[in-house]
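Me: I've got a model open and some labels I'd like to pick apart. Can you walk me through the reasoning behind each one?

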Amino acid sequence: MPHVIVSSCIGVKDQACTEVCPVECIYDGGEQFLIHPDECIDCGACVPACPVSAIFPEEDVPEGETEFIAKNRVFFGL
């Protein structure tokens with residue numbers, strides 16, 4: 001999974017990340033946005049666009065936020 005959106009996105013959903021994504025792989029997951037791991041091209045454009053610093057490469061997801069890796073996979077049925 002190239003990038004994961006964590007808890008700081010919950011309730012914010014600014015959409016800046018969706019506006020810069022060249023492949024439109026960021027979806028509204030209800031309380032937050034989620035990145036489709038099979039569609040993401042790992043360009044990283046969404047990372048600096050996020051106003052709440054909620055987007056991380058999977059290997060850099062902060063401790064205590066790793067449940068969002070599984071949440072992302074479950075949402076997309078992976």
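Me: Why is Ile69 called buried?
Reply: Buried means under 20% relative accessible area, exposed is over 50%, and partly exposed is in between (1.4 Å probe, protein chains only). Ile69 comes in at 12%, so it counts as buried. One caveat up front: this is a predicted model, where local features need pLDDT of at least 70 and side-chain atom pairs count only at pLDDT 80 or more, while totals for chains, interfaces and linings use all residues. Residues are numbered from 1 along each chain as its sequence is written, and side-chain values use heavy atoms, with hydrogens and water left out.

Me: Where does Ile69 lie?
Reply: In helix H3, residues 67–75. Helices (H or I, at least four residues) and strands (E, at least two) are DSSP runs, numbered from the N terminus.

Me: How do you know that the buried residues of H3 line one face?
Reply: Phe68, Ile69 and Asn72 are buried in H3. Looking down the helix axis, these buried residues fall within an arc of 110°, so they line one face. The arc is that of the directions from the helix axis to the C-beta atoms. As a general point, an α-helix has 3.6 residues a turn, so residues three or four places apart point the same way.

Me: What covers the buried residues of H3?
Reply: The cover includes strand S1 (3–5) and strand S3 (33–35), going by contacts, meaning heavy atoms within 4.5 Å.

Me: What makes Tyr27 and Phe76 an edge-to-face pair?
Reply: The structure holds two aromatic pairs. Rings of Phe, Tyr and Trp (its six-membered ring) pair if their centres lie within 6.5 Å; planes under 30 degrees apart count as stacked, over 60 as edge-to-face and the rest as tilted. For Tyr27 and Phe76 the centres are 5.6 Å apart and the planes are at 70°, so the pair is edge-to-face. This pair links distant parts of the chain, with Tyr27 in strand S2 (residues 26–28) and Phe76 in the segment after H3, 49 residues apart.

Me: And what about Phe75 and Phe76?
Reply: They form an edge-to-face pair too, at 4.9 Å centre to centre and 90° between the planes. Ring pairs link Tyr27, Phe75 and Phe76 into a cluster.

Me: Which of those rings are buried or partly exposed?
Reply: Phe76 has 16% relative accessibility, so it is buried. Tyr27, at 30%, counts as partly exposed, and so does Phe75, at 39%.

Me: What makes Lys13 sit over Phe33?
Reply: The rule asks for NZ of Lys or CZ of Arg within 6 Å of the ring centre and within 35 degrees of the ring normal. Lys13 lies over the face of Phe33, at 5.8 Å from the ring centre.

Me: Why is there no bond between Cys21 and Cys25?
Reply: A disulfide is a pair of cysteine sulfur atoms within 2.5 Å. The closest cysteine sulfur to that of Cys21 is in Cys25, 3.7 Å away, so it is too far for a bond. Cys46 has its closest cysteine sulfur in Cys40, at 6.2 Å, which is also too far. The count comes to zero disulfides.

Me: How do you know that the chain agrees with a compact globule?
Reply: The globule rule is 2.2 Å times the number of residues to the power 0.38, with the radius of gyration taken over C-alpha atoms. For 78 residues that gives a value near 12 Å, and the chain has 11 Å, so the two agree.
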